[in-house]
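Here is a friendly briefing to read alongside the model. Take a moment with the view below, and then we can walk through it topic by topic.

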Amino acid sequence: MTPRSGLARNVAAAALVVGSVAYASVAAAQQRPPIRQLGAALSSSGPLGALSAVRALPGGRVLVNDPATRRVLMLDSMLKIVSVVADTTSATQKAYGVNGGGLLAYHGDSTLFVDPASYSMLVIDPDGKVIRVIAAPRPQDAAALMGGARGGNAGFDARGRLVYSNHVNMVRTVARPGEDPVPPQAADSAPIVRFDLRTRKPDTAAFMKVQATKLVYVRTDAGMQISPVINPVQTVDDWDLLPDGTIAILRADYHVDFIDADGRRTSGPRIPFDWQRLTDSAKSALIDSARATSQRGRGGGRGGGAPAGATVAGRRAPAPVRVVAPSELPDYRPAFAAGAVHADPGGRLWVRTTSQDTTAH
């Protein structure tokens with residue numbers, strides 16, 4: 001694997017090559033590549049709060065997005081901090097918003113910093129200077145440009161259109177007379193959108209299956225509460241952009257669909273995988289483990305959750321945990337989970353596959 005920079009050498013440590021820009025190479029990628037051992041670090045930027053994106057620049061410099069400290073930093077070839085491009089101080093006109101931000105490659109060696117709070121994108125030149133501001137796409141899509149496990153990595157296709165996926169899609173249902181109300185539900189599919197920044201027009205390139213948690217109303221002594229219905233094993237698709245801007249969608253059955261900037265679609269073959277069957281006992285174990293973990297996280301302790309509406313440490317206890325029935329789990333453990341796909345600069349698509357441990361989830 002060719003890493004993006006020295007800071008990102010562990011982005012995809014456990015991966016399987018499943019595709020490349022040359023579509024014909026997909027069929028040849030049938031074996032897991034050997035794991036390459038990494039040597040000692042040659043230099044360090046010092047402690048960072050977090051690292052959500054890295055943008056390699058000429059001369060070995062890199063821009064990094066540190067959302068924990070709300071800073072975009074310029075590092076030199078030895079990974080030493082040379083300038084603060086955006087932060088919350090007046091020195092950068094408080095360019096880093098209160099709701100975080102996203103970093104993505106733009107034309108040439110320029111970079112975009114997305115501020116979802118102001119619905120704007122700062123254009124950063126190769127020297128780390130903010131040279132202009134562009135309006136972000138539709139307000140409801142601004143957060144989708146920040147990347148992450150749920151949204152994938154936004155970027156640009158060969159026609160210069162911004163490509164991203166917005167997973168925050170809610171479906172609202174009006175209850176029938178006499179029936180309990182139904183809370184808004186997260187959609188189980190999401191569009192991959194191409195947005196032309198010049199014409200401000202979007203179009204949908206494809207849809208993919210995404211993780212969605214069902215919500216239900218529960219009657220408690222404290223009144224109606226919204227409670228999630230936990231599903232510990234969800235079958236999803238995932239995606240990323242190849243270096244030439246081609247959309248690569250890894251489907252749940254473990255094959256890749258490619259969509260280029262002209263809309264041409266091709267599909268690779270199904271990738272060999274050691275599929276693990278989930279027996280009835282394995283499904284029950286996963287359900288029990290998910291219920292116990294959720295109870296502990298919601299203050300239930302080892303003995304299970306407190307009665308619905310009861311007072312716990314001076315506050316109302318949350319509604320009891322709901323978990324899907326074992327029959328709703330898939331018969332085979334999915335090959336990958338959300339956020340498992342990464343395209344490297346060489347045009348290879350890497351996948352972090354799921355654990356084969358029957359106790360993991």
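A residue counts as buried when its relative accessible area is under 20%. By that cut-off, 42% of the 361 residues of the chain are buried. Please keep in mind that this is a predicted model.

**Overall make-up**
- The chain contains 26 strands, along with 2 helices.
- Among contacts with a separation of 6 or more, 52% join residues that sit 24 or more positions apart.
- The chain has an accessible surface of about 18,300 Å², and carbon and sulfur atoms contribute 52% of that area.

**A four-stranded sheet**
- One open sheet is built from 4 strands in the order 6-7-8-9, and the pairing is antiparallel.
- Its edges are strand 6 (102-105) and strand 9 (130-135), each of which pairs on one side only.
- From one strand to the next, the twist averages 25°.
- Strand 6 is joined to strand 7 (residues 111-115) by 4 bridges in the antiparallel sense.
- Within that pairing, Leu 103 has Phe 113 of strand 7 as its bridge partner.

**Nonpolar cores**
- Nonpolar side chains in soluble globular proteins tend to be buried together.
- Here, the largest nonpolar core holds 17 residues, and Leu 112, Met 121, Leu 162 and Tyr 164 have the most contacts inside it.
- Strand 7, strand 8 (120-124), strand 11 (162-165) and strand 14 (189-196) are the elements that each give this core two or more residues.
- A second core, separate from that one, has 16 residues, including Val 236, Ala 248, Leu 250 and Ile 271.
- What does Met 121 touch, leaving out residues up to four places away in sequence? Its partners include Leu 112, Phe 113 and Val 114, as well as Arg 132, Val 133 and Ile 134. Leu 145, Leu 162 and Leu 197 are also among the residues that Met 121 touches.

**Helix 2**
- Helix 2 (residues 280-297) has 18 residues, so at 1.5 Å a residue it should span 26 Å; the end C-alpha atoms are indeed 26 Å apart, in agreement with that expectation.
- Which residues of helix 2 are buried? They are Ala 282, Lys 283, Leu 286, Ile 287, Ala 290, Ser 294 and Gln 295.
- An α-helix has 3.6 residues a turn, so residues three or four places apart point the same way.
- The buried residues of helix 2 pack against two strands, namely strand 17 (223-230) and strand 24 (322-323).

**A contact across the sequence**
- Arg 159 belongs to the loop between strand 10 (155-156) and strand 11.
- Although Arg 159 and Ala 261 are 102 residues apart along the chain, 6.3 Å separates their C-alpha atoms.
- Beyond its neighbours within four places in sequence, Arg 159 is in contact with Ala 261, Asp 262 and Arg 198.

**Backbone angles to check**
- Most residues other than glycine have a negative phi.
- Gln 93 is not a glycine, yet its phi is positive, near 55°.
- Lys 94 likewise has a positive phi, of about 50°, without being a glycine.
- Where do they sit? Gln 93 is in the loop between strand 5 (81-86) and strand 6, and Lys 94 lies in the loop between strand 5 and strand 6.
- Is Gln 93 buried or exposed? Gln 93 is exposed, at a relative accessible area of 66%.
- Lys 94 is exposed too, at 57% relative accessible area.

Methods:
Residues numbered from 1 in each chain as written. Predicted model: local features only at pLDDT ≥ 70, side-chain atom pairs only at ≥ 80, totals over all residues. Heavy atoms only, no water. Buried < 20%, exposed > 50% of the residue type's maximum accessible area, 1.4 Å probe, protein only. Contact = heavy atoms within 4.5 Å. Areas by Shrake-Rupley, 256 points an atom, 1.4 Å probe, with all protein chains shown as cover. Pairing = 2+ DSSP bridges. Axes fitted to C-alpha atoms, helices over the stretch in contact; angles between N-to-C directions. Expected span 1.5 Å × (residues − 1). Core = buried A, V, L, I, M, F, W, Y, C linked by side-chain atoms within 4.5 Å.
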